[in-house]
Each structure stands twice: as structure tokens, then as C-alpha cells.
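Me: I'm new to this one, so could you walk me through it in a few questions?

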Amino acid sequence: MAFTIHGLPVSQGIAIGHVHLVSHALLEVNHYHVAARYIDEEVARLEDAVATVQGELVGLKAAATAGHAHSEVGAFVDLQTMMLADPMLVDAARTLIEDRRCNAEWALVQQMEHLVEQFEQIEDPYLRERKADVVQVVERIVKVLLGHPGHLPPKRRDGLGTVVVAHDLSPADTIGFRDHNIAGFVTDVGGPTSHTAIVARSLSIPAVVGLLHIRHLVEEDEVIIIDGSRGVVIVGPDPQIIEEYRLRRAELELERSKLNRLKDTRATTLDGEEVMLLANIEGPKDIGQIRAVNADGVGLYRTEFLFIGRDTLPDEDEQYEAYRDVLTAMAGKPVTIRTFDVGADKALNTTEARFEPNPALGLRAVRYSLAEPQMFLTQLRALLRASVHGQLKIMVPMLAHATEIDQTLRLIDKARAELRSEHVRFDESIEIGAMIEVPAAALALGMFIRRLSFLSIGTNDLIQYTLAIDRSDEAVVHLYDPLHPAVLKLIGGTIQAGARFGMPVSVCGEMAGDPAYTLLLLGMGLRQFSMHPANILEIKQQVLRADVGELAPRVQRILRMDEQAKVREAVLRLAG
Ligand code: PEP
Ligand code: MG
């Protein structure tokens with residue numbers, strides 16, 4: 001009988017196939033003591049297995065470099081190669097064999113558990129997740145030791161693919177799926193930010209994780225459907241359900257291939273208006289995604305992610321390198337780097353916790369930077385130094401007062417003067433701009449326009465502060481409404497003021513990446529949208545279908561409305 005299980009959707013699409021159960025090698029490890037006379041042999045067994053895995057990783061790296069996988073895949077393989085060479089893993093396991101006479105598998109698993117425990121103490125979620133890489137490397141060695149070097153299932157002939165069902169999977173295993181007709185995978189554990197999920201998305205393999213006990217609920221070879229968009233898994237579906245999902249899959253595939261074809265198309269409206277579609281990123285690791293959609297540049301680089309969750313601040317050189325890498329990769333396309341937006345929900349580990357009665361209204365963003373001028377100056381110096389590697393623009397978050405703008409500009413001048421006296425080169429004509437994300441800023445644009453070179457509307461905060469609702473509090477989330485007439489007046493007014501004074505204006509909040517608002521923003525006059533790279537092609541599709549000459553007067557009428565329901569209705573009609 002068919003049954004359905006729900007998990008976490010981590011990679012979109014629909015897969016229909018036969019179950020292939022992949023066992024969890026580590027659960028099958030034997031524990032025994034080796035006789036003293038066989039210790040050398042056991043150590044040699046470990047070393048041979050390590051050498052075999054080293055070879056496997058070299059092969060995987062070559063496949064990634066040859067362009068058969070996402071660029072990040074090469075990085076995972078490098079990370080696992082590094083762990084394999086780390087004395088904390090193999091040398092420590094060797095010592096356990098020699099001193100305690102443990103068999104090689106047991107020695108490895110003991111040392112792995114010890115390392116995983118240490119990773120679990122780390123607060124930074126990215127580094128904490130790297131414990132999965134340790135487990136995966138050990139799993140590879142154990143597989144070799146057990147005499148089961150990773151083998152993949154044969155190709156099927158009945159038209160249905162193979163769906164891998166496992167407790168957990170490594171990114172390296174996932175790369176191998178490409179050549180083996182693997183339709184998708186489901187796992188007991190895992191999260192949306194795991195490397196395996198990232199690889200699955202980059203290879204467009206549907207996947208659902210976090211299913212808890214799926215491995216014990218299915219049998220080898222039975223038919224299974226994965227809906228990677230909704231996180232649903234159907235085990236043992238009848239032919240009618242299979243047919244229904246085949247149809248859905250065909251529709252989705254058609255949509256996706258159409259979108260990919262837009263990658264190199266200019267985003268121009270029907271009446272010839274050019275639109276820039278820029279990417280929001282958190283660091284150099286996002287470069288691959290930007291390239292995949294051929295973004296026009298970076299519209300928002302959230303630099304605070306460089307040090308949130310760590311115990312030390314990145315020094316000037318480390319920051320310089322992170323900025324330089326993105327500028328170099330973008331090869332002359334504009335890169336807007338935002339100065340640190342710390343505080344509120346993005347607190348630093350490095351400073352002592354201070355009681356804040358209302359963090360979103362407290363020492364946040366530029367207020368924090370100005371209260372820590374040395375930290376701010378270090379960042380400004382790193383930014384200026386990086387400016388020689390491309391077209392860098394500096395953007396400052398949450399400005400609301402003329403004095404804040406002036407203080408910031410004075411600090412930038414100080415950083416310039418220091419670098420000049422040290423004979424360090426930087427771009428003398430670098431543009432400085434502001435985020436418009438506080439209603440006060442949107443209502444007093446003159447002070448920004450007189451002093452700065454560009455504006456970018458942060459709709460996430462602008463909505464939060466206009467409507468007085470905490471954007472992270474689910475109790476008031478139903479009141480978070482981008483179509484509130486007050487919000488639209490502030491956005492529309494900012495875009496219009498920019499056009500009047502020849503000041504470039506972009507939107508970099510979530511509204512820019514939501515196709516429900518594209519026509520509205522185009523009709524307001526917006527020509528620069530910055531969003532998560534994954535949304536760029538969908539927004540481009542909206543732009544290509546738009547006629548801004550026809551939209552503009554209709555949107556002007558929407559901006560005069562003062563009832564949310566009417567606004568909503570009129571915005572829906574823009575697409576009709
Ligand atoms: C915004 O507020 O819209 C924005 C882009 O900044 P963040 O989401 O980082 O606060
Ligand atoms: Mg913001």
C-alpha cells in the first residue's frame with residue numbers, strides 16, 4: 001500500500017524511480033583487538049585504504065575541474081583531501097592501532113567521534129557543519145577497508161531511474177550520481193545548508209532530507225516518488241499517481257529549460273528599457289551561483305557574514321582578500337559592498353553582550369560601525385585597497401541622519417589619507433552610496449542626494465520600520481505587507497526622486513527577487529534589481545514580458561490608493 005512521508009525539501013524537481021538502499025558503513029564497523037604480531041599489517045591496511053581514498057578524491061577533483069560538476073564541488077573535495085592529510089585523523093588512528101591494538105575501522109571511528117565532538121563545540125554554524133566532512137572521509141576509508149569500495153548501482157532498462165535511499169550521503173557520492181542514472185535521493189538526516197544539498201541543487205537532482213527513518217520504511221527495488229519542491233516522498237504509488245507525477249515533472253522540466261535559455265539574454269523590456277539584474281551575496285563562496293545565471297554584477301555583498309558567529313574579527317588583510325576575490329571574479333562588472341550591518345539579529349561574538357531593550361531599534365548597522373571607529377576604519381581600508389581589482393562601490397546600511405553620513409564620509413577620507421601616506425593604491429573615484437531602509441531616510445532624501453552617489457532600497461527593513469513589526473517575530477508576520485500603501489509611497493517616492501536628480505536607485509530587499517512585485521517596481525521606474533542569484537532568471541522572464549510605458553500610468557494610480565485590498569487587486573491585474 002502506498003504511503004507518504006514529509007521531510008525537508010532541499011533540491012527542487014520530481015524523481016520517480018526504484019529504491020536503492022545504501023547502507024551506512026560506519027554502523028557496520030566491527031570492534032576487535034588485533035594480536036600484537038599483526039599490528040604492522042593492520043597499520044599497513046589502514047595506510048593502503050587511505051591511499052586508495054586519496055586516489056578517489058583526485059579523480060573526483062579532476063571530474064569537477066573538467067566542468068562535470070558545480071565549482072563548489074572542487075572545494076568540498078579539497079576540504080576532504082585536507083582532512084585526510086590531517087594528523088588529527090589518520091595519525092591518531094594509527095596510534096590507536098599501535099598503542100591500543102584496535103582494528104583499523106574501530107580506530108578510525110573512535111577518532112572520528114572525538115573530532116566530531118570538537119566540531120560540535122564550535123558556534124559558527126558553517127564550521128560546525130564541517131563535521132559532516134570528517135564523517136564522510138572516514139566513511140570512505142571504512143568502505144575500502146571493508147572490502148566494499150564504493151560501487152554504484154547498474155543502469156536500469158524500464159525507463160524509471162534509481163532513487164538512492166540512505167542514512168546520509170557525502171557530496172562526493174552525490175557527484176558520482178550524474179553518470180549512473182540516479183533520479184534523486186532521500187536521506188534520514190541532513191539540512192538545507194549541507195554540502196550534499198548544495199551539490200544536489202547544483203546538479204539539479206531532486207532531494208528530500210531529514211526523513212528520520214526512511215531507510216527502514218522502504219524495501220530495495222520498490223517504486224518511490226520524490227517531490228523535491230514540497231518535501232514529499234511517496235512510497236509504493238499506484239500507476240495513476242505515477243502518471244500524475246510524470247506530467248508534473250514534464251511541466252517543471254519545460255519551465256526550467258526555458259529559464260536557463262534566458263541566461264545570456266539581456267534583460268530588456270518589450271519597449272526597449274534596459275534593466276540590471278544584480279546578485280545579493282554573502283562572500284566569495286557565492287561566485288559560482290552568480291556565474292551560473294550570468295548576473296550583471298553584485299548589488300549587495302552582506303559583509304557581516306564574514307565574522308558573525310566567530311570569536312575573532314577578520315583583520316584588514318583577511319577582509320581585503322574576501323573583497324578582492326569577488327571583484328576579481330566579477331571581472332569589471334559592478335560590485336556593491338555593504339559595510340558591516342551588525343547588531344539586532346546579527347550579533348557579534350567578539351563583543352560583550354549588552355542588554356538591549358529593543359535590538360532592532362538599537363546599536364545596529366552604521367550606528368554600530370560609528371560607535372567602533374577602529375573596526376569601521378579597518379573595513380574601509382580593506383575596501384579601498386580592494387577597489388583596484390574591479391568596479392567597487394561602497395554602500396552604508398541604515399543611515400538616517402546627515403551627521404551619520406558626514407561622519408562616515410570623514411572616516412572614508414581618513415582611510416584614503418592613511419593609504420596615500422603609505423603609498424597604497426586605491427580607486428580615487430570610488431562611489432559611495434546609502435541603503436534606504438529607515439522611513440526617515442526615504443522621507444528626507446535630499447540629504448542623501450546631496451552627499452552620495454547612489455541609493456539602494458532595503459525593503460526588508462523599510463517594511464519592518466514603516467509598519468512597526470519585527471521582521472523576525474512570527475506572531476506579527478501576517479502584518480508584514482510589502483503592498484501597504486505607506487510602504488509603496490516610500491519606495492515609489494525614492495525611485496522618483498532618484499530619476500529627478502539623476503541618482504541611480506536599486507532595490508536589494510527580498511521584494512526585488514519576488515516575481516509578484518516585478519511589474520509594480522518596473523512601473524515605479526526601477527531599473528536595478530538585486531536579489532539571491534537563484535531568482536534572477538525568473539525575474540528576467542518578468543522583465544522581458546513587461547511594457548513599462550503601459551505599466552507606468554497604471555502604477556501611478558496604484559500609488560495614490562489608500563486601501564491595501566484595492567492595491568493588491570490592482571497589482572494582480574498588472575500581470576493580466
Ligand atoms: C533590507 O533590509 O532590505 C536589506 C537588504 O538588508 P538586510 O536584509 O541585510 O537587513
Ligand atoms: Mg536591512
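Here is a short back-and-forth about what the model shows.

Me: To start, how much of the chain is buried?
Reply: Keep in mind that this is a predicted model. The chain has 23 helices and 16 strands. Of its 576 residues, the buried share comes to 51%.

Me: Which residues coordinate the magnesium ion (ligand 2)?
Reply: Look for side-chain oxygens at 2.0 to 2.2 Å from the ion: one is an OE atom, the other an OD atom. They belong to Glu-437 and Asp-461.

Me: And how many residues apart is that pair?
Reply: Glu-437 sits in the loop between strand 13 (431-436) and helix 16 (439-443). Asp-461 belongs to helix 18 (residues 459-467). So the pair links distant parts of the chain, with a spacing of 24 residues.

Me: Are Glu-437 and Asp-461 buried or exposed?
Reply: Buried here means under 20% relative accessible area. Both Glu-437 and Asp-461 fit that description, so the word for the two of them is buried.

Me: How do helix 19 and helix 22 lie relative to each other?
Reply: The axes of helix 19 (residues 485-501) and helix 22 (residues 548-559) come within 10 Å and cross at roughly 135°. Angles over 145 would count as roughly antiparallel, and 65 to 115 as roughly perpendicular. Helix 19 and helix 22 are therefore oblique.

Me: How many residues of that contact are charged?
Reply: Helix 19 brings Leu-488, Lys-489, Gly-492 and Gln-496, while helix 22 brings Gln-556, Ile-558 and Leu-559. These split into 3 nonpolar and 3 polar, and the charged count is 1.

Note on methods
Residues are numbered from 1 along each chain as its sequence is written. Chains are lettered from A and ligands numbered from 1 in the order in which they are written. This is a predicted model: local features need pLDDT of at least 70, side-chain atom pairs count only at pLDDT 80 or more; totals for chains, interfaces and linings use all residues. Side-chain values use heavy atoms; hydrogens and water are left out. Donors are N, O and S atoms within 2.8 Å of the metal (3.2 Å for Na, K and Ca); water is not among the atoms, so sites may look incomplete. Helices (H or I, at least four residues) and strands (E, at least two) are DSSP runs, numbered from the N terminus. Buried means under 20% relative accessible area, exposed over 50%, partly exposed in between (1.4 Å probe, protein chains only). Axes are lines fitted to C-alpha atoms, for helices over the stretch in contact, and angles run from 0 to 180 degrees between N-to-C directions. Angles under 35 degrees count as roughly parallel, over 145 as roughly antiparallel, 65 to 115 as roughly perpendicular and the rest as oblique. Contact means heavy atoms within 4.5 Å. Ala, Val, Leu, Ile, Met, Phe, Trp, Tyr, Cys and Pro count as nonpolar, Asp, Glu, Lys and Arg as charged, and the others, Gly among them, as polar.
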